[in-house]
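Colleague: Please take a close look at the sheet in this model. I should like a connected account of how the strands are arranged and what lies around them.

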Amino acid sequence: MKELKIDLKQGKMHYYIDGAGPAIVFLHGWGQSFETFLPAANYLKPKYQIIGVDFLGFGKSDCPSEPLNVDDYANHVAILLDRLKIENPIIIAHSFGGRVALKYAGINNVEVLILVSSAGIKTHNLQYYYKVYRYKILKFVYRIFSKSKYLYLVENSGSTDYQNANPIMKRTLSKVVNYNSKKDMKLITSDTYLLWGIYDQMTPYEDCIKMNKLIRNSKIISFYNSEHFLYQTEFKKFINTLEKILSRNLWRR
């Protein structure tokens, strides 16, 4: 796999390329890198051109010079594919990468969109709002009356991903998770496949059903023994599913 990098406004992004044929772009999830898709990429590269990216802030790419949003990440993909002169790519995207893929596919031509336990559905219940406003109130009070409690609250609140991130990536994560992809879903016209583990707790199966209703020409493919990382827990089924999707859609060209 050839490793290269491209200069972007906010830093250097590493990408990987190998094989020949129709182009498949792999977009990884939060806290991951292209390496997580290597087994699948190596399997497919005899028939396809493989392009993998490490988003800024992940893998071997630079930490961005400023907080990024979903538009920024989708624009980075567009810049790279334009540089490589690739049109109508096949996109395989997991979790956070799916949110980026939804934005990209909503405004660019895509041959096939394969979303794997994708982020993008934003739903908040009363418990969520209770936690948010409780945090804001405590943060305001502690900032005035107790610096130690304020620092402890800020450093120990939020998800594990948030706590492990540096300041720029914390602000990036806040921008990303608060972005609602519903409007992007409604713009997608390419054939879209929703691959989902029925036991997924990070992007629940209910999200898959909602996406299916919002994205035209979309189809659900369920993985009955998986949670969030179905392409690892059910690798053989994942590969077989990709082969069926790609042979069906590319044959119709």
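Modeller: Ile6 stands opposite Met13, a residue of β2. The two strands involved, β1 and β2, are joined in a hairpin that leaves two residues between them, and they pair in the antiparallel sense over seven bridges. The model is a predicted one, and the values that follow are computed from it.

This hairpin belongs to an open sheet of eight strands, whose order is β1-β2-β4-β3-β5-β6-β7-β8, with mixed pairing. The edges are taken by β1 (2-8) and β8; each has a single partner strand, so one side of each is left without a neighbour in the sheet. From one strand to the next, the twist averages 20°. Helix α2, residues 70-83, packs on the sheet and touches β1, β2 (11-18), β3 (23-27) and β4 (49-53). The direction of α2 makes about 120° with that of β1.

As to the edge formed by β8, the pairing there is with β7 (residues 191-197), in the parallel sense and over six bridges. Within this pair, Tyr193 has Lys219 of β8 as its bridge partner. Strands of a sheet pair through backbone hydrogen bonds, and the sense may be either parallel or antiparallel.

Beyond β8 (218-223), the loop that leads to α10 (230-233) contains Ser226. The relative accessible area of Ser226 is 1%, which means that Ser226 is buried, since the limit for that class is under 20%. Its side chain makes a polar contact, at 2.6 Å, with the side chain of Thr233. With neighbours within four places in sequence left aside, the residues in contact with Ser226 are Gly197, Ile198, Tyr199, Asp200, Thr233 and Glu234.

To return to α2, this helix also contributes to a pocket. Three residues of α2 make up the largest share of the lining of the second largest pocket. That pocket holds about 170 Å³ of space, and its lining consists of Ala78, Leu81, Asp82, Lys85, Ile86, Glu87, Asn88, Tyr104, Asn108 and Asn109.

Tyr104, one of these lining residues, is also among the buried residues of α3. In helix α3 (residues 96-107), 11 of the 12 residues are buried, so the helix is largely enclosed by the rest of the structure. Others in the buried set of α3 include Phe96, Arg99, Val100, Leu102 and Lys103.

Terms used
Residues numbered from 1 in each chain as written. Predicted model: local features only at pLDDT ≥ 70, side-chain atom pairs only at ≥ 80, totals over all residues. Heavy atoms only, no water. Helix = DSSP H or I, 4+ residues; strand = E, 2+ residues; numbered from the N terminus. Buried < 20%, exposed > 50% of the residue type's maximum accessible area, 1.4 Å probe, protein only. Polar contact = N/O pair within 3.5 Å; in protein donor to acceptor, adjacent residues only side chain to side chain. Contact = heavy atoms within 4.5 Å. Pairing = 2+ DSSP bridges. Axes fitted to C-alpha atoms, helices over the stretch in contact; angles between N-to-C directions. 1 Å grid on protein atoms, 1.4 Å probe; cavity = no way out; pocket = protein on both sides within 12 Å on 5 of 7 lines; lining within 4 Å. Points joined across faces, edges and corners; volume = space filled by probe spheres on them.
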